[in-house]
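Colleague: I'm new to this structure and would love a close look at one part of it. Could you take me through the nonpolar interior and what surrounds it?

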Amino acid sequence: MLNNVYRLVAPKLIEKVILDEKIDSNTVIVRPTYLSICHADQRYYNGMRDKETLNKKLPMALIHEGVGIVIKDYSGVFKSGERVNIIPNTPFDHDVIVQENYLPSSRFRSSGYDGLMQEYVFARRDRLIKVPEPVPSNVAAYTEMISVAMHSIKQLQSIANEDQEVFGIWGDGNLGYITAVLLKTLYPNSKLFIFGKNERKLEMFSFADRSFTIESVPKNIRVSNAFEATGGQGSKDAINQIIKLIKPQGAIALMGVSENPVEINTRSILEKGLKLSGTSRSSAKDFEDTVQLLNENEAARKQLEILIGIESTVKNLHDIQAFFEADLANAWGKSVMKWEI
């Protein structure tokens, strides 16, 4: 079946290509309806990856966060017209120890493998999750990012001790906000402290117990467990401040992506007996747990809906370029496009 795919062929240059897609008994054809931009998409779009990586990955359709409508399911699992989340991670092997999002053989949409900027997405039935009626499509568009936070929380749970008195999140951006919403939902009796750089962004975390700029943290503040959600150049300072403020034998979840190596205080890690958990991407089970939380918790849905910073309709290649430029200038929240190409 012929399909229009909108691929990034060079920085800031997207072209339409027509592909002849293969269909088998496990294929589900989905029409994307709402898509959301990730920082990784912007790095590819603006050529902010090294030349070797760009040459290896491109041409490639961008975006791995999205929701769509089932057009045809050859497997018989989904009904036509049902809303589904498209899981970008696609495993081809199974390991009893290594989770699917860490298998080297897995493929990931918009990372060397065509993302969701297509007229139709041809997916395996196990890569789709039905979206419950209460979840609005513009929030469902970034379920993938929410599932990444869910995965990180679950991984930290597996190594943390019984002290859940105070959770700390370093990072006042989208990932920090999403993680905060999930933590406050999953641990309503625990205190939640937010550490960031931007006071205006910190104001968005009104549901947290306390928030601090990283330069003005009181000397008596301590956290039981911590999440680093800064990434980039800020990772070094965030991780080292976590190490300083976390209680002995606490657990730290590392979530932010950094292109360059980060120098951290290993001496204090050893002295405090700290546990570090590195997490990346998410699995189908993380999507299931995320969708269940969104379906059952209206307050969480409302808080996540506040995260939408830009929402507009995309109908042609010019609209795509304008949307990426608007997202780059957006100071807060997720950018969601209604995909009508």
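Modeller: Happy to; here is a walk through the interior, followed by a few details elsewhere.

Please keep in mind that this is a predicted model. The place to begin is the largest nonpolar core, which has 43 residues. Tyr142, Leu183, Leu192, Ile194, Phe227 and Leu304 are those with the most contacts inside this core. Several elements give two or more residues to the core, including helices H3 (137–140), H4 (143–159) and H5 (174–186) and strands S11 (166–170) and S12 (191–196). H5 gives the most, with 7 residues. In soluble globular proteins, nonpolar side chains tend to be buried together.

To see the core from one residue, try Phe227. Leaving aside residues up to four places away in sequence, Phe227 touches Ser152, Ile153 and Leu156, as well as Phe167, Gly168, Ile169 and Trp170, among others. Its contacts also include Thr179, Leu183, Ile242, Ala253 and Met255. Apart from this core lies another one, of 31 residues, with Tyr44, Tyr45, Val84 and Leu128 among them.

Two helices are worth following next. H9 has 13 residues and reaches 19 Å from its first C-alpha to its last, close to the 18 Å expected. Its buried residues are Ala284, Asp286, Phe287, Asp289, Thr290, Val291, Leu293 and Leu294. The cover over these buried residues includes strands S6 (83–86) and S10 (128–130), along with H4, H5 and H10. In helix H7 (residues 235–245), Ser235, Ala238, Ile239, Gln241, Ile242, Ile243 and Leu245 are buried. They pack against S11, S12, strand S14 (223–228), S15 and helix H8 (266–272).

Now for the surface. Val96, Ile97, Val98 and Tyr102 form a nonpolar patch there, and together they have about 420 Å² of accessible area. Val96 sits in the loop between strands S7 (89–90) and S8 (107–108). Val96 counts as exposed because its relative accessible area is 78%, and the cut-off for exposed is over 50%.

Finally, some backbone details. Most residues other than glycine have a negative phi, and most peptide bonds are trans. Leu58 and Pro59 are joined by a cis peptide bond, with omega about 0°, and Pro59 is in the loop between helix H2 (51–57) and strand S4 (60–61). Ile63 is not a glycine, yet has a positive phi of about 75°; this residue lies in the loop between S4 and strand S5 (65–73). Ile63 is buried, at 0% relative accessibility. Arg281 also has a positive phi, near 60°, and is partly exposed, with a relative accessible area of 31%.

Methods: Residues numbered from 1 in each chain as written. Predicted model: local features only at pLDDT ≥ 70, side-chain atom pairs only at ≥ 80, totals over all residues. Heavy atoms only, no water. Core = buried A, V, L, I, M, F, W, Y, C linked by side-chain atoms within 4.5 Å. Buried < 20%, exposed > 50% of the residue type's maximum accessible area, 1.4 Å probe, protein only. Helix = DSSP H or I, 4+ residues; strand = E, 2+ residues; numbered from the N terminus. Contact = heavy atoms within 4.5 Å. Expected span 1.5 Å × (residues − 1). Patch = residues over 30% accessible without salt bridge, like charges linked within 9 Å, V, L, I, M, F, W, Y side chains within 5 Å. Areas by Shrake-Rupley, 256 points an atom, 1.4 Å probe, with all protein chains shown as cover. Salt bridge = Lys/Arg side-chain N within 4 Å of Asp/Glu carboxyl O.
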